[in-house]
Amino acid sequence: MLDLNLAFTEDQVASGVRDAKDNKSQIDSVTGTLPLVGFIGGILALLAGAFLVFAGRKEADV
């Protein structure tokens, strides 16, 4: 059995808050900007692939 009693000093808490505020922009980019860029890039790749498939087809001689 493990029984822990954790305590933090005011300085440790203040340092943690400062670090969290400083890293907020990185978290925002991972949860907002990067997925948006990936989604747009995926759509562009899908459109390029569809173009290559349909442009590569040749009409059959009848």
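**A predicted two-helix chain: group meeting presentation**

Good morning. I begin at the surface, where Leu2, Leu4, Leu6, Phe8, Val13 and Val17 together form a nonpolar patch with about 690 Å² of accessible area. Please keep in mind throughout that this is a predicted model. Of the patch members, Val13 belongs to helix H1. Its relative accessible area is 43%, so Val13 is classed as partly exposed.

Let me turn to the residue that comes just ahead of that helix. Thr9 sits in the segment preceding helix H1, which covers residues 10–22. With a relative accessible area of 45%, Thr9 is partly exposed. Thr9 and Phe51 are 42 residues apart along the chain, and their C-alpha atoms are separated by 61 Å.

That distance leads to the overall form of the molecule. The protein chain contains two helices and zero strands. Its radius of gyration is 26 Å, whereas the globule rule gives 11 Å for 62 residues; the chain is therefore more spread out than a compact globule. Taken along the principal axes, the box filled by the C-alpha atoms is roughly 85 × 35 × 10 Å.

What share of the 62 residues is buried? The figure is 0%. For a residue to be called buried, its relative accessible area must be under 20%. The protein chain exposes about 6,100 Å², and carbon and sulfur atoms supply 65% of that area.

I now come to helix H2, which runs through residues 24–56. Does H2 lie largely in the open or under cover, and why? The number of buried residues among its 33 is zero, so H2 lies largely in the open. As for its length, 33 residues at 1.5 Å a residue should span 48 Å, and the end C-alpha atoms are 47 Å apart, which agrees. The helix also has a kink of about 40 degrees, and the centre of that kink is Val30.

Two further positions illustrate the exposure of this helix. Thr33 is located in helix H2, and at 45% relative accessibility it counts as partly exposed. The C-alpha atom of Thr33 is separated by 36 Å from that of Leu6, with the two positions 27 residues apart along the chain counted as their separation. Leu6 is one of the residues of the nonpolar patch with which I opened. Gly49 is likewise found in helix H2, and its relative accessible area of 31% makes Gly49 partly exposed. Between Gly49 and Gly38, 11 residues apart along the chain, the C-alpha separation is 16 Å.

Finally, I would like to consider charge pairing. Side chains of opposite charge can pair when their charged atoms come close. How many salt bridges does the model contain? The count comes to one. The partners are Lys24 and Asp28, whose side chains meet at 2.9 Å, N to O. The cut-off for such a contact is 4 Å, so the pair qualifies as a salt bridge. Both residues lie in helix H2, four residues apart, which is about one turn of the helix. Lys24 is partly exposed, with a relative accessible area of 47%, and Asp28 is partly exposed as well, with a value of 37%.

To summarise, the predicted chain has two helices and zero strands, buried residues make up 0% of it, and one salt bridge is counted. Thank you for your attention.

Notes
Residues numbered from 1 in each chain as written. Predicted model: local features only at pLDDT ≥ 70, side-chain atom pairs only at ≥ 80, totals over all residues. Heavy atoms only, no water. Buried < 20%, exposed > 50% of the residue type's maximum accessible area, 1.4 Å probe, protein only. Patch = residues over 30% accessible without salt bridge, like charges linked within 9 Å, V, L, I, M, F, W, Y side chains within 5 Å. Areas by Shrake-Rupley, 256 points an atom, 1.4 Å probe, with all protein chains shown as cover. Expected span 1.5 Å × (residues − 1). Bend = angle between axes of the 7 residues up to and from the residue. Rg over C-alpha atoms; globule rule 2.2 N^0.38 Å.
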